[in-house]
Amino acid sequence: RPLFTTRLFAEPFAAIGSRTLNFIQEGHVVASYRQTRSFLGIDAGVNVSRLDEARAGVTFGRFDATVRTGDPELPEVGGRETRLHMQWTHDAQDSPVVPSKGLRVLGRLQHVLDYPDITTAADPTRETDGVTQLETLASWFTSRKGARERRLFAAAAFGTSFDGHPLPTEQFPIGGLLRLGAFDVGERRGDHYMLATAGYMQQALRLPDFIGGPLFLGSWLETGSAFDSWSDIAWSTHVSVGLIADTVIGPIFGGASFGFDGATRLYIAIGQLFR
């Protein structure tokens, strides 16, 4: 909500969501942990320019977790949590589906003020309460001169917990599309992570207007790692290929990812791919 006639704004919000945290070893799910969060909060910020926004806020809520299958070595828990966050966004891309040009950068700093008391026998030194985390994501697109149907892109992501050692529930996960796609979502996680991607998109055809827009054929190379110590970085490299269609129900992706270590995953997905 804009504040009077200034560039300042306020945004209250509330949400409830649930997800399953899988613990994966050698490509197999050995345990599942169900997490449910309900929270409300408020952000205050400023539209610095047409392309830049800065905001900060606080969220208050409740965190509940239960063991679904296996033994994740984490107890069932329920309690309140409070977080502070700051975020800066720069968005100069000309499309949320497959941009033809532009840079988008998002930086987020978060500090956990209060978190349910959870201890794990596997690693009693881990604690989320008081942890500060920084995450930055960037993507850049450009088109061949005079040929918008040929697009090059690069992306990078970085996250760190500084000196903190959060519980696995709050570590950075990698895996999934454009995050080392041959891994399952969250198959790798750590206190820190780094990812880099470079690829090429070629417009293969254009769908009828009543169905959607362009259909792109693309391929990209991904490399990265999630790790707990800077001395223990183990890089993984994957190659992905697929089709992206801009349709009336949203972007649709179909493709596959292959890891140099033998991992493979097939994808059919609906939703934004590069954000």
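Contact here means heavy atoms within 4.5 Å. Keep that cut-off at hand for the exercises below, and remember that the model is predicted.

**Exercise 1. Ala14 and its surroundings**

Find the element that holds Ala14, and decide whether Ala14 is buried or exposed.

Solution.
- Step 1: locate the residue. Ala14 sits in strand S1.
- Step 2: check its accessibility. The relative value is 63%, and exposed means over 50%, so Ala14 counts as exposed.
- Step 3: list the contacts. With neighbours within four places in sequence left aside, Ala14 is in contact with Phe39 and Leu40.
- Step 4: try a long-range pair. Ala14 and Ser219 are separated by 205 residues in sequence, and their C-alpha atoms are 38 Å apart in space.

**Exercise 2. Two residues with positive phi**

Compare the settings of Phe4 and Leu178: where does each lie, and is each buried or exposed?

Solution.
- Step 1: look at the backbone. Phe4 is not a glycine, yet its phi is positive, at about 60°. Leu178, also not a glycine, has a positive phi of about 60°.
- Step 2: place them. Phe4 belongs to the segment before strand S1 (8–25), while Leu178 is in the loop between strand S8 (172–174) and strand S9 (188–190).
- Step 3: apply the cut-offs. Buried means under 20% relative accessible area and exposed means over 50%. Phe4 has 79%, so Phe4 is exposed. Leu178 has 15%, so Leu178 is buried.
- Step 4: look around Phe4. Together with Leu3 and Leu8, Phe4 makes a nonpolar surface patch of about 340 Å².

**Exercise 3. Ser100 in its loop**

Work out which residues Ser100 touches beyond four places in sequence, and which side chain it joins by a polar contact.

Solution.
- Step 1: find the loop. Ser100 lies between strand S4 (77–91) and strand S5 (102–114).
- Step 2: judge the cover. The relative accessible area of Ser100 is 2%, so this residue is buried.
- Step 3: collect the partners. Beyond four places in sequence, Ser100 touches Asp94, Phe141, Thr142, Ser143, Arg148 and Arg151.
- Step 4: pick out the polar one. The side chains of Ser100 and Asp94 are joined by a polar contact of 2.3 Å.
- Step 5: follow Phe141 into the sheet. This residue of S6 stands opposite Gly102.

**Exercise 4. From S5 to S7**

Trace the pairing through strand S6: how many bridges join S6 to S5, and how many to S7?

Solution.
- Step 1: start with S5. This strand pairs with S6 (residues 132–144) in the antiparallel sense over 10 bridges.
- Step 2: move on to S7 (residues 147–160). Here 11 bridges join S6 to S7, again running antiparallel.
- Step 3: set the register. Thr136 has Phe158 in S7 as its bridge partner.

**Exercise 5. Strand S13 and its two partners**

Describe how S13 is covered, and which strands pair with it.

Solution.
- Step 1: count the cover. In S13 (residues 250–259), 7 of the 10 residues are buried, which leaves the strand mostly covered.
- Step 2: take the S12 side. Strand S12 (residues 236–247) pairs antiparallel with S13 over 10 bridges, and a hairpin through 2 residues joins the two. Val239 stands opposite Phe258 in S13.
- Step 3: take the S14 side. S13 and strand S14 (residues 264–270) pair in the antiparallel sense over 7 bridges, and Gly254 has Ile268 in S14 as its bridge partner.
- Step 4: inspect the turn. The hairpin of S13 and S14 has 4 residues between the strands, and Gly262 takes a positive phi near 100° there.

Definitions and conventions. Residues numbered from 1 in each chain as written. Predicted model: local features only at pLDDT ≥ 70, side-chain atom pairs only at ≥ 80, totals over all residues. Heavy atoms only, no water. Buried < 20%, exposed > 50% of the residue type's maximum accessible area, 1.4 Å probe, protein only. Polar contact = N/O pair within 3.5 Å; in protein donor to acceptor, adjacent residues only side chain to side chain. Patch = residues over 30% accessible without salt bridge, like charges linked within 9 Å, V, L, I, M, F, W, Y side chains within 5 Å. Areas by Shrake-Rupley, 256 points an atom, 1.4 Å probe, with all protein chains shown as cover. Salt bridge = Lys/Arg side-chain N within 4 Å of Asp/Glu carboxyl O. Pairing = 2+ DSSP bridges.
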